[in-house]
Amino acid sequence: MDGGNQSVVSEFMLLGLTNSKNLQVILFVIFFILYLLIVSGNIVILVLITTDPHLHSPMYFLLANLSFIDMCLSSNTTPKMISDFLREYKTISFAGCMFQVFFSHCIAGGEMVLLVAMAYDRYVAICKPLHYFTIMNLKRCTALVLISWTTGFIHGMSYLAVVVQMPFCGPKEVDSFFCDMPLVIKLACIDYHDLNTLMNAECGVVAVTCFTLLLISYTYILISVGQSSKSGASKALSTCSAHIMVVMIFFLPCIFIYVWPLSITWLDKFLAVFYSVFTPLLNPAIYTLRNKEIKNAMKRFIGKFLCPKIYS
């Protein structure tokens with residue numbers, strides 16, 4: 001398209017999840033409550049791991065970082081979605097849209113690598129228990145977290161560097177509740193199909209590689225421990241099942257949105273809501289309900305800080 005006919009787009013219009021005003025009010029209440037649960041649940045995990053000496057171990061150090069990333073992942077899109085339920089015109093500035101594009105992929109990329117680091121932690125703990133604290137020392141755990149954030153930053157910047165240079169001249173309607181990269185590039189005044197394929201491939205390298213490493217890691221853990229004893233296999237399955245559940249509920253929506261998109265609007269919106277709202281909500285629930293140490297830490301925290309007389 002001729003550059004002379006292009007105009008600068010200063011904002012985009014988000015179409016949201018539904019056009020029904022009554023349904024939007026209901027969704028406002030539901031997602032407002034869910035977001036409060038996400039923030040409070042992950043903050044509780046962060047506070048417990050930070051304040052309780054019994055949780056000062058490599059696994060919980062990584063879990064605390066996962067809780068922080070989950071809060072960031074949800075906070076990137078959910079507050080805007082909630083406020084838009086009460087607005088007739090759901091607009092977002094160009095800068096705000098670019099902000100969402102960058103942080104969506106930065107945080108998601110970082111979480112993928114962090115989940116791989118958590119799988120490595122479980123491998124060392126189960127398969128090499130005598131060397132666990134030597135291998136998973138604070139220096140290595142910090143390095144793994146820094147690698148996850150660096151990978152996420154590079155992943156997000158690669159998307160941002162592309163989208164900010166694209167010419168937008170209308171239409172400016174994004175058929176979602178946030179600025180998602182595949183939907184934004186469709187609004188550019190260029191042939192976006194080759195670029196969309198390239199972006200899917202780049203995302204696929206990160207997602208599929210991490211997902212494959214995770215599957216191999218947990219499979220190797222179960223096989224190696226299962227060969228030693230049935231009780232060991234049962235313990236390994238119990239320990240890893242929470243991690244495997246988190247991996248599945250995070251990766252599957254991402255893969256079907258960015259790597260092998262189904263191009264079904266309602267399904268894309270459902271998957272986007274699932275990984276940006278329900279995944280950060282389910283993570284603390286899964287780790288808390290299935291973890292005796294977290295439950296005991298919660299009891300100690302309540303006794304020490306909320307009921308000090310009883311604790312003393």
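# Exercises on a predicted model

The lining of the largest cavity divides into 4 nonpolar, 1 polar and 2 charged residues. The model is a predicted one. Work through the tasks with the structure open.

## Exercise 1. The largest cavity

Task: state how much space lies in the largest cavity and which residues line it.

Solution.
- Step 1. Take the count of cavities. The structure holds 4 cavities of 30 Å³ or more.
- Step 2. Take the volume. The largest cavity encloses about 50 Å³ of space.
- Step 3. List the lining. Gly16, Leu17, Met81, Asp84, Phe85, Lys90 and Phe177 line the largest cavity.
- Step 4. Sort by class. The split is 4 nonpolar, 1 polar and 2 charged residues.

## Exercise 2. The second largest cavity

Task: find which helix gives the largest share of the lining of the second largest cavity.

Solution.
- Step 1. Take the volume, about 40 Å³ for the second largest cavity.
- Step 2. List the lining: His105, Ala108, Gly109, Met112, His155, Cys203, Cys254 and Tyr258.
- Step 3. Look for elements with at least two lining residues. Helix H4 (94-127) and helix H9 (230-259) each qualify.
- Step 4. Pick the main contributor. H4 supplies the largest share, 4 residues.
- Step 5. Sort by class. This lining has 5 nonpolar and 3 polar residues, and no charged residues.

## Exercise 3. Cysteines, bonded and not

Task: locate the disulfide, then explain why cysteine 203 and cysteine 254 are not bonded.

Solution.
- Step 1. Search the whole structure. The search finds 1 disulfide.
- Step 2. Name the partners. Cysteine 97 is joined to cysteine 179, with S to S at 2.1 Å.
- Step 3. Place them. Cysteine 97 sits in helix H4, and cysteine 179 in the loop between strand E3 (173-174) and H7. The pair is 82 residues apart and links distant parts of the chain.
- Step 4. Give the handedness. The angle about the S-S bond is -120 degrees, and the link of cysteine 97 and cysteine 179 is left-handed.
- Step 5. Check exposure. Cysteine 97 and cysteine 179 are both buried.
- Step 6. Turn to cysteine 203. Its closest cysteine sulfur is that of cysteine 254, at 7.2 Å. A disulfide needs the sulfur atoms within 2.5 Å. The two are therefore too far apart for a bond.
- Step 7. Classify the remaining cases. Buried means under 20% relative accessible area. Cysteine 203, at 4%, is therefore buried. Cysteine 141, at 2%, is buried too.

## Exercise 4. Helix spans and a kink

Task: test whether the end-to-end distances of H1 and H8 agree with 1.5 Å a residue.

Solution.
- Step 1. Start with helix H1 (residues 21-51). Its 31 residues should span 45 Å. The end C-alpha atoms are 44 Å apart, which agrees.
- Step 2. Repeat for H8. Its 34 residues should span 50 Å. The end C-alpha atoms are 47 Å apart, which agrees.
- Step 3. Look along H8 for a bend. A kink of about 30 degrees is centred on glycine 204.
- Step 4. Return to H1 and mark its buried residues. Among them are Gln24, Leu27, Phe31, Leu34, Tyr35, Ile38, Asn42, Ile45 and Ile49.
- Step 5. Recall the helix geometry. An α-helix has 3.6 residues a turn, so residues three or four places apart point the same way.

## Exercise 5. The second largest pocket

Task: describe the second largest pocket by volume, lining and class.

Solution.
- Step 1. Take the volume. The second largest pocket holds about 330 Å³ of space.
- Step 2. Find the centre. Of 16 lining residues, Pro182, Leu183, Lys186, Ser263 and Asp268 are the closest to it.
- Step 3. Name the elements that give two or more residues: helix H7 (181-184), helix H8 (193-226) and helix H10 (265-289).
- Step 4. Pick the main contributor. H10 gives the largest share, 4 residues.
- Step 5. Sort by class. The lining has 6 nonpolar, 5 polar and 5 charged residues.

## Exercise 6. Two residues compared

Task: decide whether leucine 63 and phenylalanine 301 are buried or partly exposed.

Solution.
- Step 1. Place leucine 63 in helix H2 (residues 58-75). Its relative accessible area is 3%, so leucine 63 is buried.
- Step 2. Place phenylalanine 301 in helix H11 (residues 292-306). Its relative accessibility is 22%, so phenylalanine 301 counts as partly exposed.
- Step 3. Add the distances. Leucine 63 and proline 284 lie 221 residues apart along the chain, with C-alpha atoms separated by 9.3 Å. Phenylalanine 301 and serine 176 are 125 residues apart in sequence and 41 Å apart in space, C-alpha to C-alpha.

Notes: Residues are numbered from 1 along each chain as its sequence is written. This is a predicted model: local features need pLDDT of at least 70, side-chain atom pairs count only at pLDDT 80 or more; totals for chains, interfaces and linings use all residues. Side-chain values use heavy atoms; hydrogens and water are left out. On a 1 Å grid over the protein atoms alone, a cavity is a set of points where a 1.4 Å probe fits but cannot get out, and a pocket is an open set with protein on both sides within 12 Å along at least five of seven lines; lining residues have an atom within 4 Å of a point. Grid points are joined across faces, edges and corners, and a volume is the space filled by probe spheres set on the points. Ala, Val, Leu, Ile, Met, Phe, Trp, Tyr, Cys and Pro count as nonpolar, Asp, Glu, Lys and Arg as charged, and the others, Gly among them, as polar. The expected span of a helix is 1.5 Å times one less than its number of residues. The bend at a residue is the angle between axes fitted to the seven residues ending there and the seven starting there. Buried means under 20% relative accessible area, exposed over 50%, partly exposed in between (1.4 Å probe, protein chains only).
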